[in-house]
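Trainee: Could you go through this one with me, slowly? I would like to start with how the helices pack and then move on to other things.

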2 protein chains.
Amino acid sequence: MKAVGVIVEYNPFHNGHQYHLNETKLKTNAECVIAVMSGNFLQRGEPALVSKWTRTKMALEAGIDIVVELPYAFATQKAETFANGSISLLNALYCEEVCFGSENGTIDDFKNTVSFMEKRQEEYDQYLSQAIKQGYSYPKASSLAYSSLSGTDTYLDLSKPNNILGFHYVKAIHNQKRDMKASTIKRTSADYHDESFTHETIASATSIRKALFSKEIDLTNIENYIPKTTLKWLSSYYNEHQMFHQWEEYFTLLKYKLLTSTPAELEQIYEAEEGIENRLLAHITEATTFHEFMEQIKTKRYTWTRLQRLCLHILTNTTKSALKPLLEKQTTTYIRLLGMSKKGQRYLNTIKKDVQLPIISKVTAYENDLLELDIKATQTYLSIFPEPLRSTLLRQEYSTPPIRFDEVSKMYL
Amino acid sequence: MKAVGVIVEYNPFHNGHQYHLNETKLKTNAECVIAVMSGNFLQRGEPALVSKWTRTKMALEAGIDIVVELPYAFATQKAETFANGSISLLNALYCEEVCFGSENGTIDDFKNTVSFMEKRQEEYDQYLSQAIKQGYSYPKASSLAYSSLSGTDTYLDLSKPNNILGFHYVKAIHNQKRDMKASTIKRTSADYHDESFTHETIASATSIRKALFSKEIDLTNIENYIPKTTLKWLSSYYNEHQMFHQWEEYFTLLKYKLLTSTPAELEQIYEAEEGIENRLLAHITEATTFHEFMEQIKTKRYTWTRLQRLCLHILTNTTKSALKPLLEKQTTTYIRLLGMSKKGQRYLNTIKKDVQLPIISKVTAYENDLLELDIKATQTYLSIFPEPLRSTLLRQEYSTPPIRFDEVSKMYL
């Protein structure tokens, strides 16, 4: 049974994701689609709108067969680490192919760029560190280093976020020396960072979240851009939890945490570099919202995303000493199964005996440093709920088995 | 001008405190009364009902002339440390006498007990450590050690909380070798720990707080037991802040803090001994209230008060390495002035040139490790307010000068 992998956040699952999923099936002829999905916190250092369980249901009902969680240690990182963790999970699950969305849309451009860069890694690194010294942010510096080196953007425009991710997926496959095919589908209509709706049915997740939070929560604002199943699950989550998650909800905890920490303690936090913690401490007393705080601390060099990730690691108390050793090999050490269709389960049965990593169904069943971080992240994610809801959700987190879905009857098992 | 010191929490100022203050003036013939008052967190590891500023106003209107803050490092400790810090402050302010309330009421009993104990310190320590090994709590073990040693309770019943404090005040004066007189006034009617009202106008602060929190906040429940000025300030605080402080309000932060800390990190916290942090972590997930949590973790050995103090140090992130060096000398290093009457100001003018410690009027004006802890404690105390109130109060904390009160016109200056 051929399996293809997609690497996703589904925050929330929208029509663009549906398009990508349908095209992936057509293009790859795979029988089983495996989604590597970020957990409760996302690559840009944000909380997911709704929990990973609800996003798993959206994915299964849309046609995904297996959902596995990308560990926090990889999910909340720059593209390279994010890609390495994701590809290592797909490798561990014997995926034959990965299919990603990109602005470019031609897989050869990615491959050529990866091999071009490999040959000239040293020069590239020099350009990169030079640009960083000049005060450019890491993403901007990478893009500058690349175009200085190639003299052209012929291969791939590395200033586009999905091209960057795709580049790192292809590079990770190359580095991890597994025989996985890569393919790409051109993204239609919506730019990753688009904040407004420019198309009738396709919109970026960013614009969907923006519309959701722009005034009183009203799901009719976004119903054109999401499948009915997403609408149903968003609505059900909101009814049960009385909120969608966003940074502002966590600001009171972040401020408390910062105000009770010394600079020396903050320096221990992952991504606290070059004394940036002092800048945070200098502005936190006055800030009344997360947005206000970010506006005050961001600079040309410290981008919003980078600072948001730092704030997230402060919030979850993720230290350098806890995280760095886990990233040494740039591969995951377990497979956390969040959900599967009947077909997904059949696929898992066929590969079971060959899978080298433990497959985690319940978090109580397995002790692992990488998993510890996921648990801490979830505990943080749930910390904003009033009691007794918080305790109930914490308990559920330990006892919830993977979600099982019958894709034919459209029923949960 | 003769000054007498009283050591107080005023949580809140009630008729029993008024009685003690009036009797102190009569008995000592002092012209100026200096109150050493705990800040926002109290000896039993609890948040004060209302801020130190509001409690300072209650004190000034009741007839106190100078209010100085007992630093967090001393205020949230067992009786011995609490007493050492308090007496060192009164010493620094050239108080001629300290007058404390006690169950016993005869100062010679305190003096005799202190000198008896001094002679037999070694034996006492042996009895004490034996009793602790047997699983008794520290206060219970002290009391047992003492009665084993003396064969009698003739001198002083050291199972009574105010006798214990008084004993340590007298001992601290003795150890700090300053020529300060001690006197005591017998407490009337209400026992320190009384939870119900047994007298018409005198009730313990414990019972007053209990009445206040027992149902919907209703100040008429307690108006018989407090001066009109206390009623006025409680009411004004409630109107402005929409709450009185109690542990339950901080439980969401405590739970967040515990759930994002490793056992190794918690072990760094002051008063985390003998692996007690594991007990806390084992019960925090399920607990939905602070009270529930405390009921689950307390044992014969770990008393409610001791655990409550530990929880407080966890909440304020007060580590052993930050606090222990500050306690080496068991004396304060600054005088934080919270308020004064005109008479209080005159007194300060007369001693000003002789005072050896810096007198702090605004916290921005002075850097000091001991003061750092007070600032962190206040930042924690204010962390439960919604924005923008929290930011406003934080800003005020830095800019508020000592409160000045004209005791003749009853006006603030």
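**Helices across the interface**

Mentor: In this predicted model, α19(A) and α11(B) are roughly parallel to each other, because their axes cross at roughly 20 degrees and angles under 35 degrees count as roughly parallel. The two axes come within 12 Å, and the stretches concerned are residues 389-399 of chain A and residues 247-259 of chain B.

Trainee: Which residues make the contact of α19(A) and α11(B)?

Mentor: From α19(A) the contact takes A:Arg390, A:Ser391 and A:Leu394, while α11(B) supplies B:Phe251, B:Thr252, B:Lys255, B:Tyr256 and B:Leu259.

Trainee: And what does that contact have by class?

Mentor: The contact of α19(A) with α11(B) has four nonpolar, two polar and two charged residues.

Trainee: Let me zoom out, then: what rotation superposes chain A on chain B?

Mentor: Chain A is superposed on chain B by a rotation of 180 degrees, with 0.0 Å of shift along the axis and an RMSD of 0.0 Å. That is the relation of a two-fold axis, and 100% of the contact residues of chain A recur in chain B, so that the same surface serves both copies.

Trainee: Which residue of chain A comes closest to the rotation axis?

Mentor: That is A:Leu253, whose C-alpha lies 3.5 Å from the rotation axis.

Trainee: How many residues of each chain are in contact, and how much area do chain A and chain B bury between them?

Mentor: On one side 29 residues of chain A are in contact, and they meet 30 residues of chain B. Together the two chains bury about 2500 Å², with 51% of that area on carbon and sulfur atoms. In chain A, the residues that lose the most area to chain B are A:Tyr256, A:Leu259 and A:Thr260, which together account for 25% of what that side buries.

Trainee: What about charges, how many salt bridges are there across the interface?

Mentor: Four salt bridges are found across the interface of chain A and chain B, and the structure holds 36 over all chains. At the interface, A:Glu387 forms a salt bridge with B:Lys255, with the closest N and O atoms 2.8 Å apart; B:Lys255 also belongs to the contact of α11(B) with α19(A).

Trainee: Which residue forms a salt bridge with A:Lys2?

Mentor: The partner of A:Lys2 is A:Glu97, and their closest N and O atoms are 2.8 Å apart. This pair links distant parts of the chain, as A:Glu97 is in strand β4 (residues 97-102) and A:Lys2 is in the segment before β1, 95 residues apart.

Trainee: New topic, the backbone: which residues does a cis peptide bond join in chain A, and which in chain B?

Mentor: In chain A, a cis peptide bond with omega of about 0 degrees joins A:Asn11 and A:Pro12, and A:Pro12 is found in the loop between β1 (3-8) and α1 (15-28). In chain B, a cis peptide bond joins B:Glu387 and B:Pro388, with omega about 5 degrees, and B:Pro388 is found in the loop between α18 (369-381) and α19 (389-399).

Trainee: And where is A:Glu274 found?

Mentor: A:Glu274 is in the loop between α12 (263-266) and α13 (276-284) of chain A, and has a positive phi of about 55 degrees although it is not a glycine.

How values were computed. Residues are numbered from 1 along each chain as its sequence is written. Chains are lettered from A and ligands numbered from 1 in the order in which they are written. This is a predicted model: local features need pLDDT of at least 70, side-chain atom pairs count only at pLDDT 80 or more; totals for chains, interfaces and linings use all residues. Side-chain values use heavy atoms; hydrogens and water are left out. Axes are lines fitted to C-alpha atoms, for helices over the stretch in contact, and angles run from 0 to 180 degrees between N-to-C directions. Helices (H or I, at least four residues) and strands (E, at least two) are DSSP runs, numbered from the N terminus. Angles under 35 degrees count as roughly parallel, over 145 as roughly antiparallel, 65 to 115 as roughly perpendicular and the rest as oblique. Contact means heavy atoms within 4.5 Å. Ala, Val, Leu, Ile, Met, Phe, Trp, Tyr, Cys and Pro count as nonpolar, Asp, Glu, Lys and Arg as charged, and the others, Gly among them, as polar. Copies are superposed by least squares on the C-alpha atoms of residues with pLDDT of at least 70 in both. Buried area is the accessible area (1.4 Å probe) that two parts lose on being put together, summed over both. A salt bridge is a side-chain nitrogen of Lys or Arg within 4 Å of a carboxyl oxygen of Asp or Glu.
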